[in-house]
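Me: I would like a close look at one part of the structure shown below, with its surroundings brought in where they help. Please take your time and keep the pieces connected.

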Amino acid sequence: MLLNLHLPICNQILKRTKVTKLGASSQFVTPPPPPPDPPRRRRGLPPPPRDGEIPRRLALYSVEKIVEEFAMDLSMNPFSSGTRLRDMIRAIRASKTAAEERAVVRRECAAIRAAISENDQDYRHRNMAKLMFIHMLGYPTHFGQMECLKLIAAAGFPEKRIGYLGLTLLLDERQEVLMLVTNSLKQDLNHSNQFIVGLALCALGNICSAEMARDLAPEVERLLQTRDPNTKKKAALCSIRIVRKVPDLAENFMGSAASLLKEKHHGVLLSAVQLCTELCKASIEALEYLRKHCVEGLVRILRDVSNSSYAPEYDIAGITDPFLHIQVLRLMRTLGQGDADCSEYVNDILAQVATKTESNKNAGNAILYECVETIMGIEATSGLRVLAINILGRFLSNRDNNIRYVALNMLMKAMSVDTQAVQRHRSTILECVKDADVSIRKRALELVYLLVNDTNVKPLTKELVDYLEVSDEDFKEDLTAKICSIVEKFSQDKLWYLDQMFKVLSLSGNFVKDDVWHALIVLISNASELQGYSVRSLYKALQACGAQESLVRVAVWCIGEYGEMLVNNISMLDVEEPITVTESDAVDAVELALKRYSVDVTTRAMCLVALLKLSSRFPPTSERIQEIVVQNKGSTVLELQQRSIEFNSIIQRHQSIKSSLLERMPVLDEASYLVKRATSSQATVSLNKSAPAATPGGSLKLPNGVAKPPPAPLADLLDLSSDDTLATTSAPTAAPNNFLHDLLGIDLTDSSSTGGAPSASTDILMDLLSIGSPPVQNGPPTTSTVISPGQAVTKHASATPQVFDLLDGLAPSTPLPDEQTAYPPITAFQSATLKITFNFKKQPGKPQETTMHASFTNLTSATLTDFMFQAAVPKFIQLRLDPASSSTLPASGKGSVTQSLSVTNNQHGQKPIAMRIRISYKVNGEDKLEQGQISNFPAGL
């Protein structure tokens with residue numbers, strides 16, 4: 001009878017293992033008899049079999065052997081639709097190479113495809129689980145997408161769970177198959193089982209498209225009113241996805257979101273607060289609605305959570321639900337930003353949270369940081385802001401580097417709100433500059449740079465210079481750049497400026513940029529009373545720190561220019577002590593620098609120039625200097641070889657003109673150099689931000705290292721290429737036979753025409769005398785004929801008479817309009833944030849040149865920092881931008897920033913001025929960019 005009970009199982013096993021089917025007349029193969037029992041009965045063993053029990057035991061033994069062989073067969077061939085997920089994972093992990101893994105996945109995918117084609121329903125959920133694992137490994141699983149839909153359409157919860165999980169993993173909102181699941185989702189959202197409703201909400205919240213959002217929004221909105229808190233929570237999170245995909249549906253969820261804030265369940269409250277935050281971002285109407293109906297509820301939630309007793313299900317490090325704290329504070333910041341009434345209502349609760357929250361745990365620090373950010377983001381009182389900044393000051397003393405870093409970031413934002421409160425923590429911030437963590441050092445250095453003003457510049461600079469001596473090499477570059485910038489920006493005393501720059505050159509001259517020491521040389525050349533002090537200080541620094549490259553360059557230049565002041569102690573200051581330096585010592589210092597920097601061509605070239613000048617200032621050393629100069633005649637560097645040969649010739653053969661040839665350099669124009677440097681730096685920064693790939697002709701290196709980028713890249717950057725007319729000074733389309741003017745640099749083309757062909761009647765003699773090219777006309781194009789002296793002037797009806805003179809060129813052209821015409825100011829650009837006004841001024845006799853004065857006004861309540869104005873014009877217009885009066889634009893129109901523009905229209909009277917502008921700035925640390933085109937310039941400008 002027992003054998004008959006096992007017959008169906010055995011038949012199925014034998015069918016799969018291709019063994020003969022068992023029947024009533026089937027005979028088992030007799031197994032080897034078991035060993036005989038010992039004469040005595042052992043403990044734990046069954047008694048000896050009775051008569052008639054041996055066949056039954058034999059049958060059971062044979063069934064067990066068949067089951068064991070079937071299991072072994074499965075282990076040898078695990079790839080079938082009935083293979084468990086665990087076995088497949090074990091086989092994949094057992095693969096020793098990527099090829100073996102691909103083979104395992106390929107065989108399993110083939111088995112799953114076969115099961116799908118056979119419509120195997122028994123193992124569909126198992127196949128989907130394996131497909132999800134294969135998908136996570138990165139293999140294609142698109143063939144199983146329809147299986148997800150079949151599982152979702154099933155009636156049971158397990159099948160739906162696997163189906164929805166596969167739907168979220170294997171599909172996204174871009175798949176067309178997703179449209180087929182909308183009906184199933186709608187049915188499941190209306191299902192009586194709350195767990196199935198939860199599955200549908202989770203899936204919809206993950207892969208909802210815009211079309212699905214519009215179709216299923218009413219069902220989700222209805223579920224926000226159910227009693228089950230889990231369903232409410234999931235419906236609120238699903239609503240966030242819907243609002244992000246279709247912002248127009250935000251108004252449908254405003255009332256439901258406000259009512260959810262009255263719930264007691266923290267999960268519902270957390271999701272409701274997040275939904276309200278998303279609604280504020282999506283719609284201005286929703287923002288105003290929530291300001292009226294939700295502020296009171298948010299204050300109640302925050303007060304209840306802050307004052308609640310210990311709740312184990314929400315407690316984290318002794319603080320009740322810090323996640324809810326943070327989300328409520330963020331929503332308060334969104335609602336209070338720019339709204340005085342709302343900000344005043346939440347001031348008290350913010351002060352309570354800021355004072356009662358403990359800061360000895362990370363959860364408490366997170367709440368305090370979010371509270372500080374909320375206080376800085378709303379229209380808070382000054383006392384509350386001071387409290388917030390004091391909290392950040394406590395953060396700076398924390399041991400955790402992350403907390404100190406976020407505190408420094410927030411203090412940088414607070415600089416635009418309350419500078420005096422941040423100044424109270426200056427000493428703590430300076431200590432952070434010396435921190436072991438490089439990210440904290442850099443952030444603290446940027447904050448110190450913002451803290452510097454006219455009253456504290458000297459003590460702060462001293463602290464930074466003292467730290468420069470012991471700082472790491474990796475940090476010296478940033479620290480040196482900031483110190484140089486501070487000294488240049490805030491120095492009011494030239495002597496203090498020189499002292500600080502000499503210290504920086506001595507400590508980190510290898511990290512000083514070229515424009516910094518160029519500016520130092522310009523200042524020394526202008527400060528005649530400090531030239532002797534400078535050369536003596538640099539000589540002493542050169543003897544002590546000769547390994548600093550920039551120091552060597554400045555010192556060598558000063559020794560060459562003011563060597564006699566060094567030797568004779570001329571222009572001594574009261575703070576100086578006299579030093580003894582001979583002429584030979586000065587030459588030794590330059591020679592040592594020449595030998596030490598044998599690789600740097602610039603330094604060696606400057607040393608050769610200094611030696612040449614010393615040969616004139618110190619005649620007894622001329623022979624020695626000549627020997628040093630001659631050593632470079634065989635240099636492989638052409639520049640040094642040429643200098644050596646020419647300088648040797650000057651010393652040896654041209655004694656009569658050497659003294660006048662080697663006089664001191666004329667005083668460099670400091671104001672024009674600083675303007676060029678500022679304009680160059682501003683243009684270079686804008687080009688680096690917008691166009692990282694440099695053009696071949698990106699910048700022109702001037703003698704002092706000032707980079708002057710051409711206007712073309714900026715015009716290309718702003719896409720101002722509507723005018724294809726070339727400038728009148730270039731003639732790339734000239735005829736091939738006009739090679740003479742190309743060779744001599746003479747323009748034979750008619751400036752009034754856009755073609756490149758020269759006038760047929762132009763005399764080559766006049767071309768050689770550079771008088772064959774008429775100047776640019778300010779009026780309409782005129783037709784002229786070149787004539788010889790004594791010939792009559794041919795007049796044309798549509799042309800203005802023009803007479804050539806051999807020495808004076810053309811006679812005056814068409815009379816110009818009145819240069820004294822007053823042009824009214826215009827509003828060049830206006831947005832919700834900025835207003836730009838232009839005023840115009842012209843110089844008499846130069847109608848093509850216009851000076852524009854731009855005035856920038858901030859229309860918002862937040863201060864704009866890092867303000868930068870850029871402009872681009874067509875190719876026939878030349879534009880020069882002067883530096884702006886400030887980089888900070890005060891809030892609410894309480895002040896303005898001014899900037900001057902010089903515009904030269906080479907086709908004045910033919911084409912009007914056009915300009916495209918770009919304005920970049922920061923609002924609360926966030927980068928903003930605005931751009932537009934100015935087309936309303938006054939007529940005739």
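In which sense, and over how many bridges, do strand S9 (residues 849-858) and strand S12 (residues 896-905) pair?

Reply: Strand S9 and strand S12 pair in the antiparallel sense, and they do so over 9 bridges. One of the positions that can be followed on the model is Thr850, whose bridge partner in S12 is Val903. This is a predicted model, so it helps to keep its confidence in mind: the mean pLDDT of the chain is 78, and 76% of the residues reach 70 or more.

The pair belongs to an open sheet of 5 strands, which runs in the order S7-S8-S9-S12-S11 with antiparallel pairing. Strand S7 (826-830) and strand S11 (877-881) stand at the edges of this sheet, and because each has a single partner strand, one side of each is left without a neighbour in the sheet. Direction ignored, neighbouring strands here are turned by 25° against each other on average. As background, strands of a sheet pair through backbone hydrogen bonds, either parallel or antiparallel.

At the S7 edge, the pairing with strand S8 (residues 834-841) is again antiparallel and covers 4 bridges. Gln830 stands opposite Lys835 in S8, and a hairpin of 3 residues joins S7 to S8.

A second open sheet has 3 strands in the order S10-S13-S14, and its pairing is antiparallel as well. In this sheet strand S10 (864-872) and S14 are the edge strands, each with a single partner strand, so one side of each is left without a neighbour in the sheet. The twist from one strand to the next averages 15°. Strand S13 (residues 915-923) meets S14 in the antiparallel sense over 9 bridges, and Met915 has Ile934 in S14 as its bridge partner.

Strand S14 (926-934) also leads to an open space, since S14, helix H18 (362-377) and helix H20 (401-414) each supply at least two residues of the lining of the second largest pocket. That pocket holds about 1000 Å³ of space. Its lining counts 27 residues, of which Gln337, Gly377, Ala862, Val923 and Asn924 lie nearest the centre of the pocket. By class, the lining divides into 9 nonpolar, 10 polar and 8 charged residues.

Enclosed space can be followed in a similar way: rolling a probe the size of a water molecule over the atoms shows where empty space is left. The structure holds 2 cavities of 30 Å³ or more, and about 40 Å³ of space lies in the second largest of these cavities. Its lining is made up of Ala115, Ile116, Asn119, Asp120, Arg124, Asn127 and Glu147, with helix H4 (98-117) and helix H5 (124-136) as the elements that give two or more residues to it. These lining residues comprise 2 nonpolar, 2 polar and 3 charged ones.

Confidence also varies along the chain, and some stretches call for care. Among the elements, helix H11 (residues 229-245) has the highest mean pLDDT, at 94, whereas strand S3 (residues 700-701) has the lowest, at 34. Residues 37-45 have pLDDT below 50, and beyond near neighbours in sequence this stretch has 2 contacts in the model. Residues 70-81 likewise have pLDDT below 50, although for this stretch the model shows 20 contacts beyond near neighbours in sequence.

To return to your question, S9 and S12 form an antiparallel pair over 9 bridges, set within the order S7-S8-S9-S12-S11.

Definitions and conventions:
Residues are numbered from 1 along each chain as its sequence is written. This is a predicted model: local features need pLDDT of at least 70, side-chain atom pairs count only at pLDDT 80 or more; totals for chains, interfaces and linings use all residues. Side-chain values use heavy atoms; hydrogens and water are left out. On a 1 Å grid over the protein atoms alone, a cavity is a set of points where a 1.4 Å probe fits but cannot get out, and a pocket is an open set with protein on both sides within 12 Å along at least five of seven lines; lining residues have an atom within 4 Å of a point. Grid points are joined across faces, edges and corners, and a volume is the space filled by probe spheres set on the points. Ala, Val, Leu, Ile, Met, Phe, Trp, Tyr, Cys and Pro count as nonpolar, Asp, Glu, Lys and Arg as charged, and the others, Gly among them, as polar. Two strands pair if DSSP finds at least two bridges between them. Axes are lines fitted to C-alpha atoms, for helices over the stretch in contact, and angles run from 0 to 180 degrees between N-to-C directions. pLDDT is the predictor's confidence in each residue, from 0 to 100. Contact means heavy atoms within 4.5 Å.
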